Amino acid sequence: MMTKTTAAITAVGKYVPEYILTNKELESYVETNDEWITSRTGIKERRILKGEGLGTSYMAIKAAEDLLQKSNANPEDIDMVIVATATPDLPVAATAAYVATSIGATNAFAYDLQAACSSFLYGMSTAASYIESGRYKRVLLIGADKMSSIIDYTDRATCIIFGDGAGAALFEPNNDGLGLQDEYLRSDGIGRDFLRIEAGGSMMPTTADTVKNKKHFVYQEGKTVFKYAVSNMADVSAKILTRNNLTEKDIQWLVAHQANKRIIEATANRVGVGSDKVMMNIHKYGNTTSATLPLLLADYENQLKKGDNLIFAAFGGGFTWGAIYLKWAYNA
Ligand code: UT7
């Protein structure tokens, strides 16, 4: 009997910068306070990448090296490297190509994937598809963002939320039914007015005025995004359970994008799982955009067991969102 080849995560790695930006420090930049930030978002601190000339690739490379070192994987065996990011090193020239070469993945081809906070979730679908089809055997998916490079630290609506970081996951074929089981991915262009960087793209190229008017920073209409995020992330998570005949008892972990603790809790409520099954690190890192999901995997790796059922969920700019059901493939 032919068994279907699935795509399993076989190793993870992470990197966060050393510098810790606390709520207290933010109080000195904008009119805010620790109590407001903690109660509205769950965030206590975030990491910031300091240092001239260091971009997203710096963190992506370190996360990949952490994965390679922990797993003893040979970088020359990697077939492709995807860097999921909303903050590439350069507008043109894929960050992933530089990362792949830097880590010694000399036989790989590489490109970036951008879907705002859903970049890593969509990347999981891409990585899995290449493996399920039999086209490639080892796909390294890295989620990395230097959000501090696109945040206005005088805008209290955004500067309290975001942080920098990177996480990596290696996808390989599995013939025991482990790995990615099902996905439900969505997008809706209605969202682009509510969460965006207005200038620097083809619609509004950079000029002295766009810089002066701060149009190269993230703008977010928080309340609107919050409403869409709560209902959509919960909807897709519930849907993926239903169509796989899963109940909350079958789920070991909810791996949800870390944008706001209240959004994560709403999704957990809808799925019906208690807080003991909800991966959470937003208090330490804030919203690291493409890095939240792999950072969770790396932080919780020691608690994960072979066969555990994980529900991934994300929501972000675009809008883009979705849920993925994955069976964990190894004991750390
Ligand atoms: O990852 C991509 C997807 N992004 C998201 O999922 C983010 C979704 N949005 C959110 O998480 C929340 O909307 C925020 C955390 C951004 C804001 O929380 P909120 O509960 O929606 O606050 P709000 O914008 O409705 O503001 C409430 C009040 C306002 O004052 P008034 O008008 O009620 O007097 C704001 O001016 O809080 C004020 N406020 C602040 N106060 C202290 C807004 N930002 C701050 C701040 N510190 N940093």
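**Note on a predicted model: loops, sheet and ligand site**

1. Asn74 is partly exposed, with a relative accessible area of 36%; the value lies between the 20% and 50% limits that separate buried from exposed residues. The structure is a predicted model, and the points below should be read with that in mind. Asn74 is found in the loop that connects α3 (56-71) to β4 (80-84). Its C-alpha atom is separated by 24 Å from that of Lys305, and the two residues are 231 residues apart along the chain.

2. The loop between α3 and β4 also holds Asn72. Phi of Asn72 is near 60°, a positive value in a residue that is not glycine. Asn72 is exposed, with a relative accessible area of 71%. Because exposed means over 50%, Asn72 falls in that class at 71%.

3. A second asparagine to check is Asn245, placed in the loop between α8 and β11. Its phi is near 55°, again positive in a residue other than glycine. Asn245 is exposed as well, at a relative accessible area of 69%.

4. The backbone at Phe319 deserves a look for another reason. The peptide bond from Gly318 to Phe319 is cis, and omega is near -5°. Phe319 sits in the loop between β12 and β13.

5. On the sheet: 4 strands form an open sheet with mixed pairing, in the order β8-β13-β12-β11. β8 (179-187) and β11 (253-256) each have a single partner strand and stand at the edges, so one side of each has no neighbour in the sheet. From one strand to the next, the twist averages 15°.

6. At the β11 edge, the partner is β12 (residues 309-316); the two strands run parallel and are joined by 4 bridges. Within this pair, Val255 stands opposite Phe312 of β12.

7. Two helices pack against these strands. Helix α8 (residues 222-243) lies across β8, β11, β12 and β13 (320-327), and its direction makes an angle of about 150° with β12. Helix α11 (residues 292-300) lies across β11 and β12, at about 145° to β11.

8. Just ahead of that second helix, is Thr288 buried or exposed? Thr288 is buried, with a relative accessible area of 1%, so it meets the limit of under 20%. Its place is in the loop between α10 (282-285) and α11. A polar atom of the Thr288 side chain lies 3.2 Å from the backbone nitrogen of Thr292. Neighbours within four places in sequence left aside, Thr288 is in contact with Asp145, Met147, Gly163, Asp164, Gly165 and Leu295.

9. Which residues are closest to the ligand? They are Thr32, Arg40, Arg156, Asn260 and Asn287, out of 22 residues that surround the ligand. A nitrogen atom of the ligand is 2.6 Å from a side-chain N or O atom of Thr32. Two further pairs use ligand oxygen: an oxygen atom of the ligand is 3.2 Å from an N or O atom in the side chain of Trp36, and a polar side-chain atom of Asn260 lies 2.7 Å from a ligand oxygen atom. The ligand taken alone exposes 940 Å², and the protein buries 74% of that.

10. The elements giving two or more residues to the shell around the ligand are α2 (34-41), α8 and α9 (261-271). Among these, α8 gives the most, with 4 residues. Helix α8 thus appears twice in this note: it contributes to the ligand shell, and it lies across β8, β11, β12 and β13.

Conventions: Residues numbered from 1 in each chain as written. Predicted model: local features only at pLDDT ≥ 70, side-chain atom pairs only at ≥ 80, totals over all residues. Heavy atoms only, no water. Pairing = 2+ DSSP bridges. Axes fitted to C-alpha atoms, helices over the stretch in contact; angles between N-to-C directions. Contact = heavy atoms within 4.5 Å. Buried < 20%, exposed > 50% of the residue type's maximum accessible area, 1.4 Å probe, protein only. Polar contact = N/O pair within 3.5 Å; in protein donor to acceptor, adjacent residues only side chain to side chain. Near = heavy atom within 4 Å. Areas by Shrake-Rupley, 256 points an atom, 1.4 Å probe, with all protein chains shown as cover.
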